[in-house]
Amino acid sequence: MRGNNDAHQRRTPPQDERLELESGNLADLVSGEAIRTAQINHQSRMCFIGSEPSNFNYLVRQTSSQTSQDRIFHFSNRQYHLKYTAHDIDRIPHEALERPTKPLIDKLVRAYFVHINRGWPIVDEENFLDQLEEKDPRNPLSLPLFNAVLLVGAHVLSFQEDFEQMKQLQSVLFRRTKTLIDCRFDQDRFAYVQVALLLTWYSDGLEEVVANAWYWMGTAARTATGLGMHRDTTTSRLLDVHKRSWVRVWWVLFQFDTLISLSYGRPQSLNLDDCDVPDLEYAHFQGISQPEADFAIHQTRLCVIISRTFRQRWALRASREQRTRAAERADQALASFVTELPAPLQMSLANAGTWHAVLHLTYNHFVLLLHRPPPKHRSHDRASQPAGNPDICAEASMGLVSLLEGLYSTRRLYALSLFDVQAIFTAVVAANNELSTSNPLVVVKAVQKLKSISSALTVLARNWSFARGLLRIFDSKGELTLNKGRREPPSDSAQHGHECGNRCHDALGSMSGSQDVSSAQETGQNGGVFASAITPSETAHNSPGSLIGDDGVTLGNPLDDFVFPGAFELEDFLLGVDKDGVYF
């Protein structure tokens, strides 16, 4: 026993020495003004001192001899040794440090920067490529960020090339990235915000609270505010490249937080009342090749409207009058927003560019949520909510589906994020409301919309677990009809909608005559609502890997004999259970 104690004493530095090593940064921050006011370069450890209640803020202000520093909240400090910041870094598997071949890296990096980063400018392209080429040893490449960029590049290429190969590569890259994140491999904390945002493009199973986009957004938001990214860094000693990057990434983070929270109906992590970051300007896009600056600026403006409305229109303690006023203010703000859009982003749906389409998907999704009728549960529930506007909802729903058609027909669905898939769910719910009406023309349009949605979902289902579940939710040829024995009978109104939907579906079939699938697709691409590009299957219980459409995904037509799901089908969808009780 004594020998073990002696060995432990030889291995472990004295307590005073350990304290000096580990807490020296605190002393430097409080009393080392020369260190504190130095340039925050690539290798510095940036310290955010917080707002007035923080003791760090108080002591820095108290010991500072420069009054010009009083409005600065980000200071330089010496970097910790990695052994004080990492976790089990000695146990990182060698595989996590490997890289793909150079040609594959180049292809994945290009796919990411061309198709994703121009609209969501999360990574400074010029700086990243300099790091990749190792031009400056003082500015090393973040390995977790490198893997995350490749992962999103593989996501894009999975829509364009060999799906199985790219899907397997995504899994490998996700595992490497997460391993390095869990070990806190990188000392650049800003990279953790970027990585968390990029990982929202990966669908990691069915868990949606402690994994996937919701989880990673929470990680990104907490890390960003810990770094002080919600504060203005204009007068700080950050490098210019970092100042620009922080502004861009903060607003991307805000948009993602707003849209994912809206989709799930959960509280936002970020509040603009706590933020004084400058608005996006064209100058902030320096370092991004061919940036979609207009999209990024106006999508941010739209998300500001959504965020403020979300906190007022659906506030838990708001009265009916307050909710009504919030909806009215939102309509006024949206009208101004649309009026002030630059010409390339105006509301024309013909030949919409990728980022133009994404912007208006967001717009129409929010309009649908804002104006759809309240759910018909109990009378006192309805009394607490403003009435919906069916005309506005019909226009927004058609706009959303038309944009989706355009992205589908031109093979640009790779541009959609998880919250865009959630927007499709909203469109399905809106079409279901239309199916229950007594007007056959409205029902015809609803059936057409659902056919269009099903085709897009068939492609998205390969990459998004939520899309795969949503596609199964209304496939009555398989899951729903086989489980009808345990379903409750539909209400009269639901039965009426089903019968009317079937009549309209039959009418559509007779109008199309003997058109084959290719001619139906051609009609859709020329401006009409396209028919499903998938062929009926004998069962809806195929494995996810066998879902194929016109570009290689096999799945039954979800709109043959369409029936919107009841409570049991929704429960199975949310739980991920098929007819035999097996989790898909």
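The expected span of a helix is 1.5 Å times one less than its number of residues. In this predicted model, helix α14 (residues 354-371) puts that rule to use: at 1.5 Å a residue, its 18 residues should cover 26 Å, and the C-alpha atoms at its two ends do sit 26 Å apart, so the two values agree. As for its surroundings, 18 of the 18 residues of α14 are buried, so the helix is largely enclosed by the rest of the structure.

Helix α11 (residues 240-264) packs against helix α10 (residues 212-227), with the two axes coming within 10 Å and crossing at roughly 140 degrees. That angle makes α10 oblique to α11. The crossing itself is left-handed. On the α10 side, the contact is built from Ala213, Trp214, Met217, Ala220, Ala221, Ala224, Thr225 and Leu227; α11 answers with Trp246, Trp250, Leu253, Phe256, Asp257, Ile260, Ser261 and Tyr264. Sorted by class, that gives 13 nonpolar, two polar and one charged residues.

Helix α9 (residues 189-198) also packs with α11, this time at an angle of about 40 degrees and with the axes 11 Å apart. Here too the crossing is left-handed. From α9 come Phe190, Val193, Gln194 and Leu197, which meet Ser245, Trp246, Val249, Val252, Leu253 and Phe256 of α11. Eight nonpolar and two polar residues make up this contact, with no charged ones. Residues three or four places apart in an α-helix point the same way, because there are 3.6 residues a turn. Trp246, Leu253 and Phe256 of α11 turn up in the contact with α9 and are also among the residues that touch α10.

How values were computed:
Residues numbered from 1 in each chain as written. Predicted model: local features only at pLDDT ≥ 70, side-chain atom pairs only at ≥ 80, totals over all residues. Heavy atoms only, no water. Axes fitted to C-alpha atoms, helices over the stretch in contact; angles between N-to-C directions. Helix = DSSP H or I, 4+ residues; strand = E, 2+ residues; numbered from the N terminus. Parallel < 35°, antiparallel > 145°, perpendicular 65-115°, else oblique. Left-handed = near helix turned anticlockwise from the far one by under 90°. Contact = heavy atoms within 4.5 Å. Nonpolar A, V, L, I, M, F, W, Y, C, P; charged D, E, K, R; others polar. Buried < 20%, exposed > 50% of the residue type's maximum accessible area, 1.4 Å probe, protein only.
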